[in-house]
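Here is a short set of exercises to work through with the coordinates open beside you. Try each task before reading its solution.

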Amino acid sequence: MIKFKKYRGLLALANAPRKGKSILDWHPFTGGDSLDEIINDYNTRCIQSYQKLGWLPEFIEALGEGINIMPYDLSTVHDLRTPDFANISIILIDLDANGKKTTNINQIRLRISKKNSTFLPQISRTPSKMSHISDFNGLPVFPSKPVIIVDQATFEKWLNPFCKAYQLAITSMPPPPRGDPVTIKAYAEALPEVAGKVRDAAIINDLSKKETVTLARRAAMQEFALSQVEAQVRTRTRPSVFLEAIRDPVVNIPFKPYLQTSAMQRVDLVELHLARPIRKLTTEQRNIVVGLGIKGKTFAAVHLDQPTIWNMAKSLEGVVEATKFSTKLPVGLMGKMDL
Amino acid sequence: MTDHANVQRKSLIAYLDSFVFVKNGYSVWIHLIPFAIAALLLLILSVPTDNLLLNLVEVLQRPSWIWLPAGLLTAVAAAVYIVTVTVQIRQAYLWSKYNLRRTIGTSLTYIFLCTLMAYVVLLSVSSHEKTTLGDIWACLLVAVLSLTGIGWLGPSSWVKSISVKSPNYMNSHRSVKKLTEILQCVRTKSSSDKQDVEDFLSDAENLRSSIETNLQLEPTWAKYNLQIASSELYTLRDKINEYFPTNNDLAVKDFAAACKYQKQHQYQEFIETLKNLSKYWSEWEWQEDPNSGAS
């Protein structure tokens, strides 16, 4: 029996049917299947689609991604903490159960991950119900199309791209070119997460198949380049490397096929690491170094070579050591905003 | 003996075992001393010139006040013997499917044999030509009184001392009962907690361990289903450790769903193993409530 190793969370803001039953037993649509059955079908169909492509079971398990229903409903959603939301991609709101109440939604919006995209399908028996999408303004939360879903077939159709787009993204990503094994390993391990981000971008921007493939390839190219930077910077005493400052979010990577963005360009970078243990820093110094991505002595952070970085390094003289180096990165990064 | 004949013999013994407590012959050995006691009683009653056995027969021939104590003694002795056989059979078998007919078959067989032995002795010392109620009752009384000896410490110690052991599944029965209670409780909840998983894991491991220990005492022909059950419990333990590690709160909550055969995609192997074990313990089967919450 093939099953995924990786799942994205679905949180349903709805009531469980009755005492002793869970949200899995909830039937979102009149006369339809339970939420458990709908998601089981989705996961099964997703695996079958990989099998049709001829993928080996071990690759499907390692690289594929399914949907997992979080074991919470409206009565227990307050038990969720911020770290739990890191893995929640879909928040399914039952407008008939929530009505105009925003207590739960207010709690959730404070905890939603700001790094990952979250999708907000809303269901109701009446399409004219008030949507809650405006309660998530300013957050990376995206409504479904249509905004309010009234039947199971539409919901399942909306779910399909979560598998298809992900599959398209991960199958489009090229295998790593020859390089050192550590770089190749880091690249291969990062692919599923990058494919997830490409999938999110594809759904949000309603990308065509060609555009999704282009985006996936460019994101993969960036990831490989970053793996090489990581291999260059990583040392035995500093195995953790912070690269987010130079990583272009996937949603910002151009996806139009005709743009000439495949060129690599030499970029000047700065590697920062601690010269003293973090416990010996003042609170202000600690806040600055953590903000730079240096969480301890075993961390190194890579930033673009910009005056602001050097000014910060100068102000932390004796605390942080900075080393300049250059490498080739995809051209898109040249236009990064200042810190 | 050819393989085919061997298989046939094993099947025949297994079939016979569903009617009478056979196993490794433990039942026969443990009845040896009571039969010896019965023989001793018959000797004591029938050898003296004032033949007590015949006197007993005569007394039981006609209705009198002596029927009351005699009837009570016969009934109580028979009940004690049958209860002892019931307990021994329950201890010796993991699954109770044929226990009732084993109890009836075993107790009737030995009561009949012992009564027959007493009757043969009676025939040899009496000049009766016709078998009367008194004859049968007297023989039955001697037989059931002697047979209560299977419950005494002496006969069972002696049998153990000559290395004839019977499996003892009392711990297994307790574990099965606890597992059933946990499953029933968890299936009424919307989500499970760490204690549910730990208790279930502990009792599943106890059950498996108890079966493994007793497997050595089982005859070859009786091992097949026990080995499968033990293997499935081993798999169940592994899957619980893999899918519901107690240091992962989210995973632990899903244990209740998996016990209700939900989230089949993620917990298929655990669900399949639980379903396989339900073939051996039907009370573990999950029956979905038809009014389960359809809107």
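**Exercise 1. A residue with positive phi**

Task: Decide whether B:K263 is buried or exposed.

Solution. The model is a predicted one. B:K263 has a relative accessible area of 2%. Buried means under 20%, so B:K263 is buried. Next, place the residue: B:K263 sits in the loop that runs between α11 and α12 of chain B. Finally, look at its backbone: phi is positive, about 55°, although B:K263 is not a glycine.

Now repeat the steps for B:Y261, which is found in the loop between α11 and α12 of chain B. Its relative accessible area is 10%, so B:Y261 is buried. B:Y261 is not a glycine either, yet its phi is positive at about 60°.

**Exercise 2. Checking a helix by its length**

Task: Work out what span helix α10 (residues 223-243) of chain B should have at 1.5 Å a residue, and compare it with the distance between its end C-alpha atoms.

Solution. Start with the count: α10(B) has 21 residues. The expected span takes 1.5 Å times one less than the number of residues, which gives 30 Å for this helix. The end C-alpha atoms of α10(B) are 30 Å apart, so the two values agree.

**Exercise 3. What α10(B) packs against**

Task: List the buried residues of α10(B), then find which helices they pack against.

Solution. Begin with the general pattern: an α-helix has 3.6 residues a turn, so residues three or four places apart point the same way. The buried residues of α10(B) are B:L226, B:A229, B:S230, B:E232, B:L233, B:L236, B:R237, B:K239, B:I240 and B:Y243. Their packing partners are α9 (194-215), α11 (249-259) and α12 (264-278) of chain B.

Take α12(B) as the partner to describe in detail. Two packed helices are described by the angle between their axes and the distance between the axes. For α10(B) and α12(B), the angle is about 150° and the axes lie 9 Å apart. That makes the two helices roughly antiparallel. The crossing of α10(B) past α12(B) is left-handed. On the α10(B) side, the residues in contact include B:A229, B:L233, B:L236 and B:I240. On the α12(B) side, they include B:Y267, B:F270, B:T273 and B:L277.

**Exercise 4. The five-stranded sheet of chain A**

Task: Give the strand order of the five-stranded open sheet in chain A, and say which strands are at its edges.

Solution. The order is β2-β1-β3-β4-β5, with parallel pairing. β2 (66-69) and β5 of chain A are the edge strands, each pairing on one side only. From one strand to the next, the twist averages 25°.

Now move to β4(A), residues 118-123, where six of the six residues are buried. A:T118, A:L120 and A:Q122 point one way, A:F119, A:P121 and A:I123 point the other way, and all are buried. On one side, β3 (residues 88-94) of chain A is joined to β4(A) in parallel by three bridges, with A:D94 opposite A:I123. β4(A) also pairs with β5 (residues 141-149) of chain A over five bridges, in the parallel sense; here A:Q122 stands opposite A:I148.

One more detail belongs to β5(A). A:P146 lies in this strand, and the peptide bond joining A:K145 to A:P146 is cis, with omega about 0°.

To finish, add the helix: α1 (residues 35-52) of chain A lies across β1 (7-13), β2 and β3 of chain A, at about 165° to β2(A).

**Exercise 5. The four-stranded sheet of chain A**

Task: Which strands stand at the edges of the four-stranded open sheet in chain A, and what is left on one side of each?

Solution. The order is β6-β8-β7-β9, and the pairing is mixed. β6 (240-242) and β9 (320-330) of chain A each have a single partner strand, so one side of each is left without a neighbour in the sheet. The twist averages 30° from one strand to the next.

For β6(A), the partner is β8 (residues 299-304) of chain A: three bridges join the two strands, which run parallel. Within this pair, A:F242 is opposite A:A301. Lastly, helix α9 (residues 307-315) of chain A lies across β7 (264-274), β8 and β9 of chain A, at about 15° to β7(A).

Notes. Residues are numbered from 1 along each chain as its sequence is written. Chains are lettered from A and ligands numbered from 1 in the order in which they are written. This is a predicted model: local features need pLDDT of at least 70, side-chain atom pairs count only at pLDDT 80 or more; totals for chains, interfaces and linings use all residues. Side-chain values use heavy atoms; hydrogens and water are left out. Buried means under 20% relative accessible area, exposed over 50%, partly exposed in between (1.4 Å probe, protein chains only). Contact means heavy atoms within 4.5 Å. Two strands pair if DSSP finds at least two bridges between them. Axes are lines fitted to C-alpha atoms, for helices over the stretch in contact, and angles run from 0 to 180 degrees between N-to-C directions. Angles under 35 degrees count as roughly parallel, over 145 as roughly antiparallel, 65 to 115 as roughly perpendicular and the rest as oblique. A crossing is left-handed if the near helix is turned anticlockwise from the far one by less than a right angle, and right-handed if clockwise.
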